[in-house]
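Here's a quick walk through one protein model, written for someone who'd rather be at the bench. Have a look at the sequence and fold first.

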Amino acid sequence: MKISIVIATYNRLLELGELLESISKQTVLPHEVIIVNDGGESVAALVDLYKELPIKTIELTENVKHVKARNIGVQQATGDAIMLCDDDDMIVANHIEQAQLYLREADFIYFDAEIVAFEIQGQTRYPLSRRTFAYQYDIKEMRKFSTYIPSGSVYKKNVHEKIGLFDSEVHNYWDWDFILRAAKVCNIQRVPTASVIYAFSENGNNQSAELNEKRKLYLDKLCEKHDLGDLPTKNFFVLLEEPYMKQRETKTNIVWDGKPFVSRLAKLEVNDATPSH
């Protein structure tokens, strides 16, 4: 099963470097890595450091936002299956190998994750806190709150032929919309292994009133599209403490050793900054 990894990125060289580092350490390398640079600073210098990876870079001249950028990437994929990765997340070493095993029976798989808050030291992110994100897959319950993390998820390329591309009209909720649509035509399986390192902090979830208003508009569009009723836009971490979410929590296999993913770009810049004798 040839897996194409699709990454949309915008001005996150440090984080993208750590993602590429995690991909380079995979026990099974991907068929290709498609990086869609969404009108940001050049990623060429970083890509040059990972010559063993089959990287294809798509340089956009304008910032079209992450949903449209992903759509451009998946349309260029030549593999049998597509893996999505956010540019600031990482995957542990046997992630692709495990994905290939699960794809023998499923059309669409997603993994549990560890939600991690990082601090930057030099040119590397170190974990400050980590919490497990592992919930039973239940499509009825997914209509109340999505526990699908797209980073690290893998699905057969023909899913797009059946349901179309990602919907930019729902913007923040493109991934929720995608799995609800996919569930109608796919065999979806959750992999009970937290092999996705998902960068997200509680402080980063505090948004302005204007941004929250926009999120509500997108959520309303999603609710209307899937007949979900009137869902609230509560803080992500507050929602995870709701009783119905606690009931969905389940066990997972913790596999990350907690060590940072030091990129070659970070190592290069450290060496360049070291005075010679």
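What follows is a short tour of a few spots in this predicted model.

## Helix α6 and its tryptophan

Let's start with α6, which runs over residues 174–182 and has tryptophan 174 in it. How many of its residues are buried? It's 9 of the 9, so α6 is largely enclosed by the rest of the structure. The buried set takes in aromatic residues, including Trp174, Trp176 and Phe178. It also holds Asp175, Asp177 and Arg181, and the list is completed by Ile179, Leu180 and Ala182.

Tryptophan 174 itself has a relative accessible area of 4%. That's under the 20% cut-off, so this residue counts as buried. Which residues does tryptophan 174 touch, leaving aside those up to four places away in sequence? They are His66, Val67, Arg70, Leu84, Pro150, Phe166 and Asp167. Proline 260, on the other hand, sits well off: its C-alpha is 29 Å from that of tryptophan 174, with the two positions 86 residues apart along the chain.

## The second largest pocket

Proline 260 turns up again in the second largest pocket, where it is one of the residues closest to the centre. This pocket has a volume of about 210 Å³. Its lining is made of 14 residues, and those closest to the centre are Lys25, Asp257, Lys259, Pro260 and Phe261.

What's the mix of classes in that lining? You get 8 nonpolar residues, 5 charged ones and 1 polar one.

## The one cavity

Now for enclosed space. Rolling a probe the size of a water molecule over the atoms shows where empty space is left. Searching the whole structure turns up 1 cavity of 30 Å³ or more. The largest cavity has a volume of about 40 Å³.

Its lining includes Tyr110, Phe111, Asp112 and Ala113. Phe133, Ala134, Tyr135, Thr147 and Ile149 line it too. Strand β6 (residues 108–121) gives the largest share, with 4 residues. By class, the lining comes out as 7 nonpolar, 1 polar and 1 charged.

## Aspartate 112

One of those cavity-lining residues, Asp112, deserves its own stop. Aspartate 112 is in strand β6. Is it buried or exposed? Its relative accessible area is 2%, so aspartate 112 is buried.

What does its side chain pair up with? There's a polar contact of 2.8 Å to the side chain of arginine 190, and another of 2.6 Å to the side chain of threonine 252. Leaving out residues up to four places away in sequence, aspartate 112 also touches Phe133, Ala134 and Tyr135, among others. The stretch Arg190, Val191, Pro192, Thr193, Ala194, Ser195 and Val196 is in its contact list as well, along with Lys251 and Thr252.

## Two loop residues with positive phi

Last stop: a pair of backbone oddities. Asparagine 11 isn't a glycine, yet its phi is positive, at about 55°. It lies in the loop between β1 (3–9) and α1 (13–24). With a relative accessible area of 39%, asparagine 11 is partly exposed.

Lysine 65 has a positive phi too, near 80°, and isn't a glycine either. Where is lysine 65? Look in the loop between β3 (55–59) and α3 (66–76). Its relative accessibility is 46%, so lysine 65 counts as partly exposed.

Methods
Residues are numbered from 1 along each chain as its sequence is written. This is a predicted model: local features need pLDDT of at least 70, side-chain atom pairs count only at pLDDT 80 or more; totals for chains, interfaces and linings use all residues. Side-chain values use heavy atoms; hydrogens and water are left out. Buried means under 20% relative accessible area, exposed over 50%, partly exposed in between (1.4 Å probe, protein chains only). Contact means heavy atoms within 4.5 Å. On a 1 Å grid over the protein atoms alone, a cavity is a set of points where a 1.4 Å probe fits but cannot get out, and a pocket is an open set with protein on both sides within 12 Å along at least five of seven lines; lining residues have an atom within 4 Å of a point. Grid points are joined across faces, edges and corners, and a volume is the space filled by probe spheres set on the points. Ala, Val, Leu, Ile, Met, Phe, Trp, Tyr, Cys and Pro count as nonpolar, Asp, Glu, Lys and Arg as charged, and the others, Gly among them, as polar. A polar contact is a pair of N or O atoms within 3.5 Å; within protein, one must be able to donate a hydrogen and the other to accept it, and residues adjacent in sequence count only if both atoms are side-chain atoms.
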